[in-house]
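Thanks for sharing this one. Here are a few notes to read alongside the coordinates.

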Amino acid sequence: MFRIVDASVLAPGVHRFEVEAPLVAKRARAGNFVIVRTNATGERVPLTIAGNDPDKGTITLVVQEVGKSTQEMGTFGVGDSFLDVVGPLGTATHIARVGAVVAIAGGIGVAPMLPEIRAHKAIGNHVISIVGARTKDLLILTEEVEKASDEVIYATDDGSFGYHGFVSGALEALIQSGREINEAIAIGPVRMMQAAVNVTRKYNIHTLVSLNAIMVDGTGMCGCCRVTVGGEVKFSCVDGPEFDGHKVDFDELVARQSFFCAKEKIAKDHYEATRGECKCHGR
Ligand SMILES: Cc1cc2nc3c(=O)[nH]c(=O)nc-3n(C[C@H](O)[C@H](O)[C@H](O)COP(=O)(O)OP(=O)(O)OC[C@H]3O[C@@H](n4cnc5c(N)ncnc54)[C@H](O)[C@@H]3O)c2cc1C
Ligand code: FES
């Protein structure tokens, strides 16, 4: 069992958990993720390691409620435990000294972005973070991002804070201002990453994206997380989750992500109707 030692709500439906997982905490690198199950019949939920403290033996997870399993996680608090936390999984991000790095995060994407910008700053890169959300109240981890970056640009869809528009617009404005950017990372909803990549492609800026393909085993055996990158089939869990964004087939990724929508909706409706009291788990 993996005990939650600290928990907080960062924004409506967004939870931060500090979880005891000493072996994972010791080995986690920026870009790694874990697969978490709440109970023996629970779904296997991939979550990026948003931070790790090897001395305390804890990792930080940030969870956004979107469906049945993440809603259930949202009911967890200090003293509760996850049944499994498997990891660290995935290939860690290659962090090299390149100069100026722009990190573009949309919504919950800011949590997985944090370890990466910390690693870039630690190695001496100049980090410009562009953090976006639908509205000001949904911006999360602002203090942490400001501490880990040299510059931060905020963007909100409704213009309630910072740049008025999408992060891709703020990115284009930054590049057009004449700033030299040597590398970009984009993490967030698939269409947001695609929009960011469409901007950086025009300026020939190498861009990494973190693909949230649907996963099951997380070890390269089930084939569920198949993605096409540069015309080649890759497994997001072991070959990624980070890939060269200019080579990713985003339309295929979006199509594969919607495979289980009908079943996911049944499970969510059932969970909401029973408030988790029924144990048949939507079957
Ligand atoms: C490498 C990786 C890292 C991730 N990191 C985070 C994170 O740090 N924080 C966070 O809130 N979310 C993260 N996600 C997404 C998270 O795993 C899904 O939101 C979660 O599995 C949804 O489960 P659900 O039962 O609540 O919703 P469901 O109703 O089952 O699904 C809602 C949507 O979530 C996605 N999804 C569902 N199951 C999976 C799955 N097994 N693998 C991937 N996506 C799935 C699909 O797009 C689906 O349409 C990550 C996904 C991947 C692949
Ligand atoms: S999740 Fe099974 S191969 Fe990647």
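Which residue in β8 is the bridge partner of Ile-35? The points below start there; please keep in mind that the model is predicted.

1. The partner you are looking for is Val-86. Strand β3, which covers residues 33–37, pairs with β8 over 4 bridges, and the sense is antiparallel.

2. Stepping back, β3 and β8 belong to an open sheet of 3 strands in the order β4-β3-β8, with antiparallel pairing. At the edges sit β4 (45–48) and β8 (84–89), each of which pairs on one side only. From one strand to the next, the twist averages 25°.

3. Now for the interior. The largest nonpolar core has 35 residues, and those touching the most other members are Val-102, Ile-104, Ile-130, Leu-171, Val-209, Leu-211 and Phe-250. Strand β3 appears again here, as one of the elements giving two or more residues to this core. Others that do so include β9 (100–106), β10 (126–133), α5 (167–176) and α8 (250–257). The most comes from α6, with 6 residues. As general background, nonpolar side chains tend to be buried together in soluble globular proteins.

4. Leu-171 is a nice residue to centre your view on. Leaving aside neighbours within four places in sequence, Leu-171 is in contact with Val-102, Ile-104 and Ile-130, and also with Ala-196, Val-199 and Thr-200.

5. Do look beyond that core too. Apart from it lies another core, of 24 residues, and among them are Val-62, Ala-111, Leu-139 and Leu-208.

Key: Residues are numbered from 1 along each chain as its sequence is written. Chains are lettered from A and ligands numbered from 1 in the order in which they are written. This is a predicted model: local features need pLDDT of at least 70, side-chain atom pairs count only at pLDDT 80 or more; totals for chains, interfaces and linings use all residues. Side-chain values use heavy atoms; hydrogens and water are left out. Two strands pair if DSSP finds at least two bridges between them. Axes are lines fitted to C-alpha atoms, for helices over the stretch in contact, and angles run from 0 to 180 degrees between N-to-C directions. A nonpolar core is a set of buried Ala, Val, Leu, Ile, Met, Phe, Trp, Tyr and Cys residues joined through side-chain atoms within 4.5 Å. Buried means under 20% relative accessible area, exposed over 50%, partly exposed in between (1.4 Å probe, protein chains only). Contact means heavy atoms within 4.5 Å.
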